[in-house]
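Biologist: I'm new to reading protein models, and I'd like to learn how to go through one feature at a time. Could you walk me through this one?

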Amino acid sequence: MRKSVIASVLVMALVAAAALLGWNPPVGAQGGGTIVGEVKVSGTAPAPKTIKVNKDNEVCGNEKKIVEVAAGAGGALANAVVSVTGAKGAKPTKKAVLDQKGCEFRPEVVLMAPGELEILNSDGVLHNIHTFSTANPPVNKAQPKFKKTMTEKFEKPEVIKVQCDAHSWMHGWIVVTESPAALTDDKGSFKLENVPPGKHKVEVLHPVLGKQTKEVEVKAGQEAKVAFELAAKK
Ligand SMILES: [Cu+2]
């Protein structure tokens, strides 16, 4: 009895000392590594198209730029989904949100775990959520200007195209995934944290350019690097 008290005091003292020295806590069952990397598009990405807005101009503006492949300097690809296939990740604590603002879907690609998606209408105009899903029940619902929030369920992993039938230029993607996943930023960079140690298949998926998979070995407390290059379609 007394021995165990002494032992636990000793453990606490060691933990406190470790904290003071700035050591990382020991990697336990939940401890993992990090995967960082970049995604590029090779070849010439399709040029953005500019279209004239013929409706709700006071909210939507007069022109919209349609960007199917968001390629920056050196082909840095934004809005690609990078996921660790089959790995178990911590469930996101926040509900995914898709807003309709300035007559655009924001974000253009929304990443979510199976469950509920909150759909907002920040504009004072009528929008319409129309999904082209097959694994999940399709949605085709008007969202009038007074209906600021709707909630829809997407329970199955799927890449779903979404459009607004009231505004022909409004397109977006809902990516439902059970795996730990991240979106690339405008530099094409991504970071996946708390990936369980071991060999994993890391998949990059772009709604227009398709998929690519690479094997990555993750070690606890370390950072693994991986780069992807997706070919632009001709
Ligand atoms: Cu709309």
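Modeller: We'll take the metal site, then the sheet, the cores and a few backbone details. Keep in mind that this is a predicted model.

Biologist: Let's start with the metal. Which residues are the protein donors of the copper ion?

Modeller: To read a metal site, look for the atoms that sit around the ion. Here the donors are His-127 through ND1, Cys-164 through SG, His-167 through ND1 and Met-170 through SD, and they lie 2.0 to 2.7 Å from the copper ion. Along the chain, their spacing reads H-x36-C-x2-H-x2-M. His-127 belongs to strand β9 (residues 127-132), while His-167 is in the loop between β12 (158-163) and β13 (171-176), so this pair ties together parts that are 40 residues apart in sequence.

Biologist: What arrangement do the 4 donor atoms make around the copper ion?

Modeller: You go by the angles. They run from 96 to 132 degrees, and that makes the arrangement tetrahedral, because four donors count as such if all angles lie between 85 and 135 degrees.

Biologist: And is His-127 buried or exposed?

Modeller: Relative accessibility tells you that. His-127 has 0%, so it counts as buried, the cut-off being under 20%. His-167 also has a relative accessible area of 0% and is buried.

Biologist: Now the sheet. In what order do the 3 strands of the open sheet come?

Modeller: For a sheet, you follow which strand pairs with which. The order is β15-β1-β18, with mixed pairing. β15 and β18 are at the edges with a single partner strand each, so one side of each has no neighbour in the sheet. From one strand to the next, the twist averages 20 degrees.

Biologist: How many bridges join β1 to β18?

Modeller: There are 9, and the two strands run parallel. To see one of them, find Ile-35: its bridge partner in β18 is Ala-224.

Biologist: What should I know about the inside?

Modeller: In soluble globular proteins, nonpolar side chains tend to be buried together. The largest nonpolar core in this model has 24 residues, and among those touching the most other members are Ile-35, Val-39, Val-82 and Phe-228. Elements that give two or more residues to this core include β1 (33-42), β4 (81-85) and β17 (210-218). β18 gives the most, with 4 residues.

Biologist: Which residues does Val-82 touch, beyond those up to four places away in sequence?

Modeller: Its contacts include Val-39, Pro-180, Phe-190, Leu-192, Val-204 and Phe-228. There's also a second, separate core of 23 residues, and Cys-164 is one of its members. You've already met Cys-164 as a donor of the copper ion.

Biologist: Where does Pro-197 lie?

Modeller: Find the loop between β15 (189-195) and β16 (198-206). Pro-197 has a relative accessible area of 44%, so it is partly exposed. Its C-alpha atom is 4.8 Å from that of Val-218, although the two residues are 21 apart along the chain. Leaving out residues up to four places away, Pro-197 touches Gly-31, Gly-32, Val-218 and Ala-220.

Biologist: Any backbone details to look for?

Modeller: Check omega and phi. A cis peptide bond joins Arg-106 and Pro-107, with omega about -5 degrees. Pro-107 is in the loop between β6 (104-106) and β7 (109-112).

Biologist: And what is phi of Asp-56 near?

Modeller: Near 50 degrees, a positive value in a residue other than glycine. Asp-56 sits in the loop between β2 (49-52) and α2 (57-60). Asn-79 also has a positive phi, near 65 degrees, and its place is in the loop between β3 (63-66) and β4.

Definitions and conventions:
Residues are numbered from 1 along each chain as its sequence is written. This is a predicted model: local features need pLDDT of at least 70, side-chain atom pairs count only at pLDDT 80 or more; totals for chains, interfaces and linings use all residues. Side-chain values use heavy atoms; hydrogens and water are left out. Buried means under 20% relative accessible area, exposed over 50%, partly exposed in between (1.4 Å probe, protein chains only). Contact means heavy atoms within 4.5 Å. A nonpolar core is a set of buried Ala, Val, Leu, Ile, Met, Phe, Trp, Tyr and Cys residues joined through side-chain atoms within 4.5 Å. Two strands pair if DSSP finds at least two bridges between them. Axes are lines fitted to C-alpha atoms, for helices over the stretch in contact, and angles run from 0 to 180 degrees between N-to-C directions. Donors are N, O and S atoms within 2.8 Å of the metal (3.2 Å for Na, K and Ca); water is not among the atoms, so sites may look incomplete. Four donors count as tetrahedral if all angles lie between 85 and 135 degrees; four count as square planar and six as octahedral if opposite donors are over 155 degrees apart and all others between 65 and 115; anything else is irregular.
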